[in-house]
Structure formats: C-alpha cells, structure tokens
Amino acid sequence: MPALIGFTIPVENWLKYKTLITQEMLKKGILAVNVVYVSTEHTSAIIDEYFEYLDSVFATISECEDSRNIDDLLEGPICHAGF
C-alpha cells in the first residue's frame, strides 16, 4: 500500500460526506479524512480495522445517496475544501 493515498466521492454532497467520515471514524478512535497516512508502525491488523470501520461509513454514505438525509447525521459544522 502506498504511504499516502486519497480518495474523493464525485457527488454534490462530498464535503458533507468528508465531514461524516471524520466524525464517525473519530467515534472509533481513529482520526481520518479522505487521505490515508500509512506508516511502518501500522500493522496489517490496524489497517484492516481502519478499512472495516471505513466500510461502515461508506455504507451510510450509500444510504444517503439513496434517500437518507446526510444533514440529520452531522453533529458539527461541515468541513471546507481547503486548508
């Protein structure tokens, strides 16, 4: 796995989803955004756990794309696109 990989979801609500990713991953004790910072200290178990948690957030995003209201899930302000 490359040391730095990132992703975006090409949808209108991208920044809301990016915010949701951070919010929900923090609840699992992981600081995450749409960039994955892998280091030599990350074991396969840690990486697998990260992607397991991320999969559950992606499932929620899929529900939002179908009909669930993303605004009902956000617990704070929406992130911005820059620094």
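This text walks through the core, the largest pocket and the salt bridges of the structure above. The model is a predicted one.

Start with the nonpolar core. The largest one holds 20 residues. Leu-20, Met-25, Tyr-50, Ile-61 and Ile-70 touch the most other members. Two helices, H1 and H2, each supply at least two residues of this core. H2 gives the largest share, seven residues.

Tyr-50 is a good place to enter. This residue lies in helix H2. Its relative accessible area is 10%. Buried means under 20%, so Tyr-50 counts as buried. Set aside the neighbours within four places in sequence, and Tyr-50 is in contact with Met-25, Ile-30, Ala-32, Val-33, Val-35 and Val-36. Two of these partners, Val-35 and Val-36, fall in the range of strand S2, which spans 35–37. Another distance can be read from the backbone: the C-alpha atoms of Tyr-50 and Gly-29 are 10.0 Å apart, with the two positions 21 residues apart in sequence numbering.

Ile-30 faces Tyr-50 from another part of the chain. Ile-30 sits in the loop between H1 and S2. The residue is buried, at 17% relative accessible area. Ile-30 and Tyr-50 are 20 residues apart in sequence, yet their C-alpha atoms are 7.7 Å apart. Beyond residues up to four places away, Ile-30 touches Met-25, Tyr-50 and Tyr-53. Met-25 thus appears among the contacts of Ile-30 and also among those of Tyr-50.

Next, the other core residue with a contact list, Ile-70. Neighbours within four places aside, Ile-70 is in contact with Asn-13, Lys-16, Tyr-17, Leu-20 and Cys-64. Leu-20 and Ile-70 both belong to the group that touches the most other core members. Lys-16 will return below, as a salt-bridge partner.

Now the largest pocket. How much space lies in it? The volume is about 310 Å³. Of its 16 lining residues, Ile-30, Leu-31, Tyr-37, His-42 and Tyr-50 are the closest to the centre. Strand S2 and helix H2 (44–66) are the elements that give two or more residues to the lining. H2 contributes the largest share, five residues. The lining has 13 nonpolar, two polar and one charged residues. Ile-30 and Tyr-50 were met above as a pair with C-alpha atoms 7.7 Å apart. Here both are named among the residues closest to the pocket centre.

Trp-14 offers a view of another region. Its place is in helix H1. At 14% relative accessibility, Trp-14 counts as buried. Leaving out neighbours within four places in sequence, its contacts are Phe-7, Thr-8, Ile-9 and Asn-34. Trp-14 and Cys-79 are 65 residues apart in sequence, and 10.0 Å separates their C-alpha atoms.

Turn to the charges. Side chains of opposite charge can pair when their charged atoms come close. How many salt bridges does a search of the whole structure find? It finds four.

One of them joins the side chains of Lys-16 and Asp-71, at 2.8 Å from N to O. Lys-16 lies in helix H1 (residues 14–27) and Asp-71 in the segment after H2, so this pair ties together parts 55 residues apart in sequence. Asp-71 is partly exposed, with 42% relative accessible area.

Lys-27 and Glu-24 make another salt bridge, with the closest N and O atoms 3.0 Å apart. This one stays within a helix. The two residues are three apart in helix H1, so about one helical turn separates them. Lys-27 is partly exposed at 48% relative accessible area. Glu-24 is also partly exposed, at 25%. Does the pairing end there, or does it go on, and which residues are linked in a network? Glu-24, Lys-27 and Glu-75 are linked in a network of salt bridges.

Arg-68 and Glu-63 form a further salt bridge, with 2.6 Å between the closest N and O atoms. Arg-68 is partly exposed, with a relative accessible area of 39%. Glu-63 is partly exposed too, at 37%.

Notes
Residues numbered from 1 in each chain as written. Predicted model: local features only at pLDDT ≥ 70, side-chain atom pairs only at ≥ 80, totals over all residues. Heavy atoms only, no water. 1 Å grid on protein atoms, 1.4 Å probe; cavity = no way out; pocket = protein on both sides within 12 Å on 5 of 7 lines; lining within 4 Å. Points joined across faces, edges and corners; volume = space filled by probe spheres on them. Helix = DSSP H or I, 4+ residues; strand = E, 2+ residues; numbered from the N terminus. Nonpolar A, V, L, I, M, F, W, Y, C, P; charged D, E, K, R; others polar. Buried < 20%, exposed > 50% of the residue type's maximum accessible area, 1.4 Å probe, protein only. Core = buried A, V, L, I, M, F, W, Y, C linked by side-chain atoms within 4.5 Å. Contact = heavy atoms within 4.5 Å.
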